[in-house]
Each structure stands twice: as C-alpha cells, then as structure tokens.
Amino acid sequence: QVQLVQSGGGLVQAGGSLRLSCAASGGTFSRLLITWFRQAPGKEREFLGRVTSSGSSTSCTDSVKGRCTISRDNAKNTAYLQLNSLKPEDTAVYYCAGDQWAGSYRYWGQGTQVTVSS
C-alpha cells in the first residue's frame with residue numbers, strides 16, 4: 001500500500017515561493033502519476049498540475065501557469081510542487097495524489113497548509 005507524506009508549506013509572504021514535497025513509501029513510486037491539488041476555504045478542490053511517472057512530462061493549470069513547476073525524483077521517491085510569486089489567493093491546503101492512471105487518485109497525501117500573507 002502506497003503512502004504519500006507531504007512536507008513543506010506554512011506561512012509565506014506574498015511574492016515569495018514555496019516548495020512542497022510528496023514522499024512515497026510502501027510501493028513503486030516510479031509507476032505513479034502524481035497530481036497536485038489545492039483547496040481554499042469555502043472553495044472546491046482545484047487541480048494544479050501533474051507529472052508523469054517517468055517525470056518526462058509535466059503540466060500546470062492555467063491559473064498558476066508561469067508560476068508553477070512540478071517535478072519528481074524517482075530515486076528519492078519524491079515529487080515536488082514549486083509555486084513562485086505567491087499571492088494571498090494561493091492560500092489553501094495543498095494535496096498530492098498518486099495513481100497509475102491519469103484522472104484516478106487512489107493515494108493521497110495528508111495535505112499541507114499554505115498561508116500567503118500580504
């Protein structure tokens with residue numbers, strides 16, 4: 001059974017950057033496509049982007065494109081989300097999710113709070 005454990009986040013000033021990690025254990029990380037989401041208070045969960053199992057392809061949604069970098073290091077069983085030029089509206093709980101299939105999210109990280117102060 002794969003477990004995803006997130007780290008990073010916290011309180012960040014507007015204009016700053018964050019880097020979240022999503023570390024896997026208990027399975028074959030290199031088979032998983034990793035997707036990042038966030039959910040702000042009172043809002044629906046928002047898809048941010050994904051990285052393929054090999055890391056050869058990444059994508060970020062339009063709302064964060066240009067500020068978002070998703071990557072992974074299969075040797076470390078870890079995926080990363082970097083978000084730059086942070087804005088107060090980036091305040092949310094951020095989640096990573098993994099599965100072998102695009103659009104499916106069998107495994108979830110515990111979520112990490114990111115608060116951007118103005």
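**View 1. Polar contact between R38 and Y94 in the predicted model.** The side chains of R38 and Y94 are joined by a polar contact of 3.0 Å. The coordinates come from a predicted model. R38 is found in strand β4. With a relative accessibility of 7%, R38 falls under the 20% limit and therefore counts as buried. Beyond its neighbours within four places in sequence, R38 is in contact with E44, R45, E46, L48, S63, V64, L83, D90, A92, V93 and Y94. Y94 also appears in the next view, among the residues with the most contacts inside the largest nonpolar core.

**View 2. The largest nonpolar core.** This core has 28 residues. I34, W36, L81 and Y94 are those with the most contacts inside it. At least two core residues are supplied by each of β3 (18-25), β4 (33-39), β5 (46-51), β7 (68-73), β8 (78-83), β9 (92-99) and β11 (112-117). The largest share, 4 residues, comes from β3. In soluble globular proteins, nonpolar side chains tend to be buried together.

**View 3. Disulfide between C22 and C96.** The whole structure holds 2 disulfides. One of them joins C22 to C96, with an S to S distance of 2.1 Å. The pair links distant parts of the chain, as C22 is in strand β3 and C96 in strand β9, 74 residues apart. The link of C22 and C96 is right-handed, with 75 degrees about the S-S bond. Both cysteines, C22 and C96, are buried.

**View 4. Disulfide between C60 and C68.** C60 is joined to C68 by a disulfide with an S to S distance of 2.1 Å. The torsion about the S-S bond of C60 and C68 is about -65 degrees, so this disulfide is left-handed. Both C60 and C68 are buried. With the bonded cysteines of the protein numbered in sequence order, the pairing is 1-4, 2-3.

**View 5. Surroundings of T78.** T78 is found in strand β8. The relative accessible area of T78 is 10%, under the 20% limit, so T78 is buried. A polar atom of the T78 side chain lies 2.8 Å from the backbone oxygen of K76. Leaving aside neighbours within four places in sequence, T78 is in contact with S21, C22, A23, F29, R72 and D73. Among these contacts, C22 is also a partner in the disulfide with C96, while R72 and F29 form an arrangement shown in View 7.

**View 6. Aromatic pairs and the ring cluster.** The whole structure has 5 aromatic pairs. In the pair of F37 and F47, the ring centres are 6.0 Å apart and the planes are at 75 degrees, so the pair is edge-to-face. F37 lies in strand β4 and F47 in strand β5, so the pair ties together parts that are 10 residues apart in sequence. F37 is buried, with a relative accessible area of 4%, whereas F47 is partly exposed, at 28%. Ring pairs link F37, F47, Y95, Y105 and W108 into a cluster.

**View 7. Arginines over aromatic rings.** R19 lies over the face of Y80, at 3.9 Å from the ring centre. R72 lies over the face of F29, at 4.3 Å from the ring centre. Both R72 and F29 are among the contacts of T78 in View 5.

Conventions: Residues are numbered from 1 along each chain as its sequence is written. This is a predicted model: local features need pLDDT of at least 70, side-chain atom pairs count only at pLDDT 80 or more; totals for chains, interfaces and linings use all residues. Side-chain values use heavy atoms; hydrogens and water are left out. A nonpolar core is a set of buried Ala, Val, Leu, Ile, Met, Phe, Trp, Tyr and Cys residues joined through side-chain atoms within 4.5 Å. Buried means under 20% relative accessible area, exposed over 50%, partly exposed in between (1.4 Å probe, protein chains only). A polar contact is a pair of N or O atoms within 3.5 Å; within protein, one must be able to donate a hydrogen and the other to accept it, and residues adjacent in sequence count only if both atoms are side-chain atoms. Contact means heavy atoms within 4.5 Å. A disulfide is a pair of cysteine sulfur atoms within 2.5 Å. Rings of Phe, Tyr and Trp (its six-membered ring) pair if their centres lie within 6.5 Å; planes under 30 degrees apart count as stacked, over 60 as edge-to-face and the rest as tilted. A charge sits over a ring if NZ of Lys or CZ of Arg is within 6 Å of the ring centre and within 35 degrees of the ring normal.
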